[in-house]
Amino acid sequence: MSKKAWIGLALFSGLLLYQFFSFNLLQDDAFISFRYVKNFLNGHGLVFNIGERVEGYTNFFWIMLLAFLAKLGLPLIETARWAGVLAAVAMCRSPVSDYGR
């Protein structure tokens with residue numbers, strides 16, 4: 001990867017981290033996933049309301065990842081925020097690494 005691409009990735013990553021620390025925001029849709037995770041970890045399955053078997057999520061891998069990390073004892077909301085930032089940086093690195101080809 002070229003030096004210019006690394007600089008661009010570092011600047012963008014810095015911008016993401018600035019936004020992460022400056023704005024304590026979390027989209028309300030995230031709490032839908034958190035509720036699915038909570039019910040899943042409490043043994044009720046992947047349900048939003050206990051007793052209702054309706055699939056209302058569109059992010060199965062994200063829910064499973066958060067459930068796994070929460071099961072390890074990590075705080076759900078902060079873990080989701082950090083995982084989101086790391087995923088954004090990883091997504092940006094992929095096209096940057098292909099830039100010079």
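## Aromatic cluster, nonpolar core and largest pocket

The charged end of R35 is placed over the ring of F48, at 4.1 Å from the centre of that ring. This is a predicted model, and the description that follows starts from the aromatic residues around this contact before turning to the core, the pocket and three single residues.

F48 also takes part in a cluster, in which ring pairs link it with Y36, Y57 and F60. The structure holds 7 aromatic pairs. One of them is formed by Y36 and Y57, whose rings meet edge-to-face, with 5.1 Å from centre to centre and 75° between the planes. Because Y36 belongs to helix 2 while Y57 lies in the loop between helix 2 and helix 3, this pair ties together parts that are 21 residues apart in sequence. Both Y36 and Y57 are buried.

The two tyrosines appear again in the largest nonpolar core, which has 9 residues, namely A30, F34, Y36, V37, Y57, I63, L66, A67 and A80. Two elements, helix 2 and helix 3, each give two or more residues to this core, and helix 2 gives the most, with 4 residues. As a general background, nonpolar side chains in soluble globular proteins tend to be buried together.

A30, a member of this core, is found in helix 2. Its relative accessible area is 18%, and A30 is therefore classed as buried, the limit being under 20%. The C-alpha atom of A30 is separated by 8.8 Å from that of I77, although the two residues are 47 residues apart along the chain.

Two other residues can be set beside A30. T58 lies in the loop between helix 2 and helix 3, and it counts as exposed because its relative accessibility is 83%, whereas C92, in helix 4, is partly exposed at a relative accessible area of 22%. The table gives the C-alpha separations for the three residues, together with their distances along the chain.

| Residue pair | Apart in sequence | C-alpha to C-alpha |
|---|---|---|
| A30 and I77 | 47 residues | 8.8 Å |
| T58 and G8 | 50 residues | 31 Å |
| C92 and V47 | 45 residues | 32 Å |

What remains is the open space in the model. Rolling a probe the size of a water molecule over the atoms shows where empty space is left. The largest pocket has a volume of about 420 Å³, and of the 15 residues that line it, those closest to its centre are F20, L25, L26, Q27 and R81. Helix 1 (3-22), helix 2 (30-41) and helix 4 (76-97) are the elements that give two or more residues to the lining of this pocket. Helix 4 gives the most to that lining, with 5 residues. By residue class, the lining of the largest pocket divides into 11 nonpolar, 3 polar and 1 charged.

Helix 2 therefore recurs in the picture: this helix holds Y36, one partner of the edge-to-face pair with Y57, and helix 2 also gives 4 residues to the largest nonpolar core, while two or more residues of helix 2 belong to the lining of the largest pocket.

Methods: Residues numbered from 1 in each chain as written. Predicted model: local features only at pLDDT ≥ 70, side-chain atom pairs only at ≥ 80, totals over all residues. Heavy atoms only, no water. 1 Å grid on protein atoms, 1.4 Å probe; cavity = no way out; pocket = protein on both sides within 12 Å on 5 of 7 lines; lining within 4 Å. Points joined across faces, edges and corners; volume = space filled by probe spheres on them. Nonpolar A, V, L, I, M, F, W, Y, C, P; charged D, E, K, R; others polar. Buried < 20%, exposed > 50% of the residue type's maximum accessible area, 1.4 Å probe, protein only. Phe/Tyr/Trp six-rings, centres within 6.5 Å; stacked < 30°, edge-to-face > 60°. Lys NZ or Arg CZ within 6 Å of the ring centre and 35° of its normal. Core = buried A, V, L, I, M, F, W, Y, C linked by side-chain atoms within 4.5 Å.
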